[in-house]
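Good morning, colleagues. Please have the sequence and the structure before you as I speak; I shall begin at the ligand and then turn to the chain as a whole.

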Amino acid sequence: MNAPVLETEEHRALRAAVAALGKRYGREYMARVVAAEGHPDELWAEAAKLGYLGVNLPEEYGGGGGGMAELSIVLEELGAAGSPLLMLVVSPAICGTVIARFGTEEQKRAWLPGLADGSRTMAFGITEPDAGSNSHRITTTARRDDDDWLLTGRKVFISGVDIADATLIVGRTEDARTGRLKPCLFIVPRDAPGFARHRIDMEVQAPEKQFELVLDEVRLPADALVGDEDAGLLQLFAGLNPERVMTAAFSLGMARFALARAVAYAKERSVWKTPIGAHQAIAHPLAQSHIEIELARLMMQKAARLYDDGDDMGAGEAANMAKFAAADACVKAVDQAVHTLGGNGLSKEYGLAPLIVASRVARIAPVSREMILNFVSHQSLGLPKSY
Ligand SMILES: Cc1cc2nc3c(=O)[nH]c(=O)nc-3n(C[C@H](O)[C@H](O)[C@H](O)COP(=O)(O)OP(=O)(O)OC[C@H]3O[C@@H](n4cnc5c(N)ncnc54)[C@H](O)[C@@H]3O)c2cc1C
């Protein structure tokens, strides 16, 4: 049996402190940032100063010495306040984790203090136009040129490349003995020659933008390769579990934000004798959303706990399930919240309508709900594969 996964005193204190920070920013702040095509720099800086951004990174490199349990609390609470920081999913969670676990001493010293204090950020690029969900099919390839690497390929939908100092790119190298391609991770600085980015016009209203990347023989020094060339897959999975936990946290924050707005409205708004929240047609779906959010959080806490305890395999199943449950809970909570507000659900003033699009993201990325159902079908239930 697994250890209990309920939160400690410290976790509750962290939740309260981050919630208080989020409350000072909130949806109105984020809406202003998005309208101005800016970035949430003030919130990022303040969260950094308080030690929240690097709460999962090792203390000896300036982090808080915690894990995904703590970082997921930070993202969930900022989201519940209406001001989530998406880059937490990629910069400290994926990239910070991979470098902390597998990077060389130089890479750790070069990156972790900056990721922890928020002065540097890193994006993460795995998705390719012709591979999509089938990451075995990626073709971005690195070949040796003396001591350097030359990296060539294309990526799509990569978030935050414009603001990130570098992007951790998943590529492949050729095995000298077998000729087979094996996955490898490379740190590609934003302004590296041959590294071009084009913004993709998305309908998602968020400060973090998505980019198509073209890597045309990008020359990288030998130490751009993270960790061991022969352990790429292991290293990649070490980063993907935190990504799923954090996507669950992102979804739970948004779900709670939408639900809170709907509940407050349902208590106030009366069109017959009682507030609309007294009608069970309004109350029950909101109650159900609350239950779904609580259940999904429990699975997220389990995934974070397993991951922080070093059980990568166990965390894999739990992190996938948590992301699945949280994304679904979020889509449903947002849908019901919009409905609860009637016409106001689609007004600018109440700010719920953009969440109809935003809440869908976690159903698609970083791994779609169907791919999670596939994972559970094959890995958990042992069913045969169709693809
Ligand atoms: C806002 C946003 C931000 C993103 N940020 C990043 C980022 O920072 N870095 C990054 O690397 N990527 C990022 N992505 C990309 C994201 O991870 C991909 O969109 C996702 O992995 C799905 O790939 P795809 O879009 O190519 O869909 P496809 O793989 O083409 O899938 C399309 C549909 O087919 C279904 N499908 C595919 N294969 C199967 C199967 N075997 N069985 C059943 N159904 C299947 C899928 O579930 C999906 O519904 C982002 C995407 C979005 C929308």
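The shell around the ligand takes at least two residues from each of four elements: β1 (122–125), β3 (148–159), α9 (353–364) and α10 (369–380). I should say at once that this is a predicted model. In terms of domains, domain 2 (124–227) and domain 3 (233–380) each contribute at least three residues to that shell.

Which residues come nearest to the ligand? They are G132, S133, S159, S368 and E370, out of 22 residues around the ligand. As for chemical character, the shell consists of 13 nonpolar residues, eight polar residues and one charged residue.

Let me now step back to the whole chain. Its secondary structure amounts to ten helices and seven strands. The radius of gyration is 21 Å, and the globule rule gives a close value, 21 Å, for 387 residues, so the chain is as compact as a globular protein of that length. Along the principal axes, the C-alpha atoms occupy a box of roughly 80 × 50 × 40 Å. Of the 387 residues in the chain, 47% are buried. If we consider contacts in the chain with a separation of 6 or more, 72% of them are made by residues 24 or more positions apart.

The chain is divided into three domains: domain 1 (9–121), domain 2 (124–227) and domain 3 (233–380). Between domain 2 and domain 3, the C-alpha centres are 30 Å apart. Ten residues from domain 2 and nine residues from domain 3 take part in the contact. On the side of domain 2 that touches domain 3, the classes are six nonpolar, three polar and one charged.

I turn next to strand β4, residues 166–174. How many of its nine residues are buried? Eight of the nine are, and the strand is thus described as mostly covered. With β1, a strand already mentioned for its part in the ligand shell, β4 forms a parallel pairing over four bridges. Within that part of the model, G125 has I169 of β4 as its bridge partner.

Strand β2, residues 141–145, also runs parallel to β4, and two bridges join them. Here A142 is matched with T173 in β4 as its bridge partner. With strand β5, residues 181–189, the sense is antiparallel, and the pairing extends over nine bridges. One bridge to follow on the display links E174 to its partner L181 in β5.

Finally, I would draw your attention to a single residue, A222. It is located in the loop between β7 (210–220) and α6 (232–268). Is A222 buried or exposed? A222 counts as exposed, because it has 10 C-beta neighbours inside 10 Å, and the cut-off for an exposed residue is 12 or fewer. Leaving aside residues up to four places away in sequence, A222 touches D147 and D148. By comparison with D308, A222 is separated by 86 residues in sequence and by 30 Å in space, C-alpha to C-alpha.

To close, I return to the ligand: its shell draws on both domain 2 and domain 3, with at least three residues from each, and G132, S133, S159, S368 and E370 are the residues that come nearest. Thank you for your attention.

Methods: Residues numbered from 1 in each chain as written. Predicted model: local features only at pLDDT ≥ 70, side-chain atom pairs only at ≥ 80, totals over all residues. Near = placed C-beta within 6 Å. Nonpolar A, V, L, I, M, F, W, Y, C, P; charged D, E, K, R; others polar. Domains from an automatic or database assignment. Rg over C-alpha atoms; globule rule 2.2 N^0.38 Å. Buried ≥ 20, exposed ≤ 12 C-beta atoms within 10 Å, placed from the backbone. Contact = placed C-beta atoms within 7 Å. Pairing = 2+ DSSP bridges.
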